[in-house]
Amino acid sequence: MNSKIIRIIGLAATVIGLGANLINDWADEQKMNEQIDKKVNEALAKRDVDAKES
């Protein structure tokens with residue numbers, strides 16, 4: 001009986017760890033996408049300003 005409980009706890013810990021890792025990766029990807037969008041918008045705004053000055 002104890003070995004089954006230990007196996008279940010081990011499996012649950014593995015699943016929770018995997019879920020936490022996936023959530024962390026997703027959050028990192030969202031941050032990266034936000035930074036990319038910000039940099040692209042800044043570059044486009046600078047290009048527009050440079051084009052108006054020409």
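Let's start with the surface: Met32, Ile36, Val40 and Leu44 make up a nonpolar patch there, together offering about 330 Å² of accessible area. Patch members have over 30% relative accessible area and no salt bridge, with nonpolar side chains (Val, Leu, Ile, Met, Phe, Trp, Tyr) joined within 5 Å and like charges within 9 Å. Areas come from the Shrake-Rupley method with a 1.4 Å probe, and for residues only the protein chains shown count as cover.

Keep in mind that this is a predicted model, where local features need pLDDT of at least 70, side-chain atom pairs count only at pLDDT 80 or more, and totals for chains, interfaces and linings use all residues. Residues are numbered from 1 along each chain as its sequence is written, and side-chain values use heavy atoms, leaving out hydrogens and water.

Valine 40 sits in helix α1, residues 2-53 (helices are DSSP runs of H or I, at least four residues, numbered from the N terminus). Its relative accessibility is 42%, so valine 40 is partly exposed (buried is under 20%, exposed over 50%, partly exposed in between).

Now for the charges. The structure has 2 salt bridges, each a side-chain nitrogen of Lys or Arg within 4 Å of a carboxyl oxygen of Asp or Glu.

| Salt bridge | Closest N and O atoms |
|---|---|
| Lysine 46 and aspartate 50 | 3.9 Å |
| Arginine 47 and aspartate 48 | 4.0 Å |

Lysine 46 and aspartate 50 are about one helical turn apart, because 4 residues separate them in helix α1. Lysine 46 is exposed at 55%, while aspartate 50 is partly exposed at 36%. In the other pair, arginine 47 is exposed at 53% and aspartate 48 partly exposed at 40%.

Technical notes
Helix = DSSP H or I, 4+ residues; strand = E, 2+ residues; numbered from the N terminus. Buried < 20%, exposed > 50% of the residue type's maximum accessible area, 1.4 Å probe, protein only.
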